[in-house]
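Welcome! Let us walk through this structure together, one part at a time.

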Amino acid sequence: MNANLSALLYLVAGVLFILSLRGLSSPATSRRGNLLGMIGMAIAVATTLANHPPADGLAWLLVIVGIAIGAAIGAVIARRVPMTSMPELVAAFHSLVGMAAVLVAAGAFYAPEAFDIGTPGNIHTQSLVEMSLGVAIGALTFTGSVIAFLKLSARMSGAPIILPARHLINIALAVALVACIIGLVVTGSAVFFWLNVILALALGVLMIIPIGGADMPVVISMLNSYSGWAAAGIGFTLGNSALIITGALVGSSGAILSYIMCHAMNRSFISVILGGFGGETAAAGGGTGEQKPAKLGSADDAAFIMKNASKVIIVPGYGMAVAQAQHALREMADILKKEGVEVKYAIHPVAGRMPGHMNVLLAEANVPYDEVFELEDINSEFAQADIAFVIGANDVTNPAAEEDKTSPIYGMPVLQVWKAGTVMFIKRSLASGYAGIDNPLFYRDNTMMLLGDAKKVTENIVKAM
Amino acid sequence: MEHVAQVVDPFIFRLSIFVLAVFVGYFVVWSVTPALHTPLMSVTNAISSVIVVGALLAGGVANVSSGSGWARGFGFVALVFACINIFGGFLVTQRMLAMYKKKAK
């Protein structure tokens, strides 16, 4: 195939990827967008196979077997994964992109002639620079994502792990990494290539372990961004516009999501990266809660009050997802709607464990997406609502964020549930939330606490109705 | 002037594509509705696996030296990883997007 034609086809693939993201501007166009993305990928793969076909029968076999294995594993995972586990799945996928970038660069390093970047031991300097950047970011993405995966899937404690002098260690590693990149570019030696990989792998681990569980939505978005930059780096080495465009798209997408998540938690990106949040405060918040009186209610009370309300706003949090209460919740909302009660859902950007997670969980429970509203769109409506029904959420409703200047979450945008006539809280106990901060809302006059498992309490309310 | 052949390094072309794509990405991603941020992450995962083109090059290299043997090995593993991501990413996105429904009636 003509080189110009294949370059044009890669460009078409890149444009299709842009359109696939563009489709996500509304649920109505999103499915077509996803399809365009798949077509773009098929074009990119077909163009590569047509332009640089595998050299012999064995190579063809390797390629076909590799695709088949990957496709089978990917398809099974995509079908089986529960929606609550999306954050760890995405983290695992990021690690694969990172590792693939490292391996492709290694392939290019050992067989540069296949990539038109020189001959073994004599690779163009410019290609070495691009390659080493891609490798470093890819390796860092790989181990960082593995740690994020372990933390998100609770295979590893979400508590920050603080090493002594960790900033010094990280800076030393980063300096050594830069030195190795320079060494690789100057000498072209394999030793520097692998040192580069090892140092970046270590840096990835050390960067993510001090970051606490509450900051995981930022971390996962950040790693999304890194995986994009790694792909772009390799795209430069290959001179492939589809890869460069995609890398740039994914890189900026992850960066924007990190920004949105940081903003939603009122944390600066730097302080998230430096880590340590969510560990020390947990000890401070625990003891004080138990003495103050909180008004406890029963499922029957809640059912009676809600049936007589005219407007109910439901505020779901991650606790709802953990208890698998979303289906019971939707049943409750259906009954209320039949009774003529207006029901809306209010979602805080960090309600789940990753951006948009709660919307997916509600969609899975057949909640129509036009009943679900974002923080800035619904906050003004709490004052007109009779009931704010908070299920499995805590920190995102904490009035201390607006009122108490000494609170660690002061300044974070929160859902103003306390402005509603009555606030109902479904919670396991009066303990503090994920960020380890006491919520003064539990002890207010217009708050009714419904203690227990979110799913059981909701089911009891449904029965009582 | 036109007698002097001014050759621009292909790197500059690539850099131009890259910079423009960053801006395109910036505007396109801001217009994504927050309700679809999770599918956004899974689909960006899938498309960033277009790195598979590199894996195909490395995996299909002519077996002439020990270096190319290594390249085939690395390419094969990268190919498997990228394909897990491509199929897993697009299919899980499709599964999620199918769940978003409007109010009945």
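**A first look at chain A**

Of the 465 residues that make up chain A, 57% count as buried. Please keep in mind as you look around that this is a predicted model.

Let us begin with the overall build of chain A. Its C-alpha trace spans about 75 × 50 × 35 Å along the principal axes. Within chain A you can find 18 helices and eight strands. The contacts also tell us something about how the chain is arranged: among those in chain A with a separation of 6 or more, 76% are between residues 24 or more positions apart. Turning to the outside, chain A exposes about 17,400 Å², and 64% of this area is supplied by carbon and sulfur atoms.

Chain A can also be read in parts. The domain assignment gives domain 1 at residues 1-53, domain 2 at 85-274 and domain 3 at 299-464. If you compare the C-alpha centres of domain 1 and domain 3 of chain A, you will find them 41 Å apart.

Now pick out a single residue, Arg155(A). You will meet Arg155(A) in the loop that runs between helix 5 (125-152) and helix 6 (166-187) of chain A. Is Arg155(A) buried or exposed? Arg155(A) is exposed, because its relative accessible area is 59%, and the cut-off for exposed is over 50%. Setting aside the neighbours within four places in sequence, Arg155(A) is in contact with Phe149(A) and Leu150(A). For a sense of distance, look across to Glu342(A), which is 187 residues from Arg155(A) along the chain; the C-alpha atoms of the two are separated by 41 Å.

Next comes chain B. The UniProt record, an unreviewed entry, places the feature "domain: NAD(P) transhydrogenase alpha subunit C-terminal" at residues 15-102 of chain B. That span is 77% helix and 0% strand, and its end C-alpha atoms lie 42 Å apart.

Finally, let us see a place where both chains contribute. A nonpolar surface patch of about 730 Å² is made by Tyr259(A) together with Leu15(B), Val19(B), Phe23(B), Tyr26(B), Phe27(B) and Trp30(B). Which element gives the largest share of the nonpolar patch? The answer is helix 1 of chain B, residues 10-30, from which six residues come. Phe27(B) is a good one to look at, and it lies in this helix 1 of chain B. Phe27(B) counts as exposed because its relative accessibility is 57%.

Key:
Residues are numbered from 1 along each chain as its sequence is written. Chains are lettered from A and ligands numbered from 1 in the order in which they are written. This is a predicted model: local features need pLDDT of at least 70, side-chain atom pairs count only at pLDDT 80 or more; totals for chains, interfaces and linings use all residues. Side-chain values use heavy atoms; hydrogens and water are left out. UniProt positions are given in the numbering used here, feature names are shortened, and annotations may be inferred rather than shown by experiment. Helices (H or I, at least four residues) and strands (E, at least two) are DSSP runs, numbered from the N terminus. Domain bounds come from an automatic or database domain assignment. Patches are made of residues with over 30% relative accessible area and no salt bridge: like charges are joined within 9 Å, nonpolar side chains (Val, Leu, Ile, Met, Phe, Trp, Tyr) within 5 Å. Accessible areas come from the Shrake-Rupley method with a 1.4 Å probe; for residues, only the protein chains shown count as cover. A salt bridge is a side-chain nitrogen of Lys or Arg within 4 Å of a carboxyl oxygen of Asp or Glu. Buried means under 20% relative accessible area, exposed over 50%, partly exposed in between (1.4 Å probe, protein chains only). Contact means heavy atoms within 4.5 Å.
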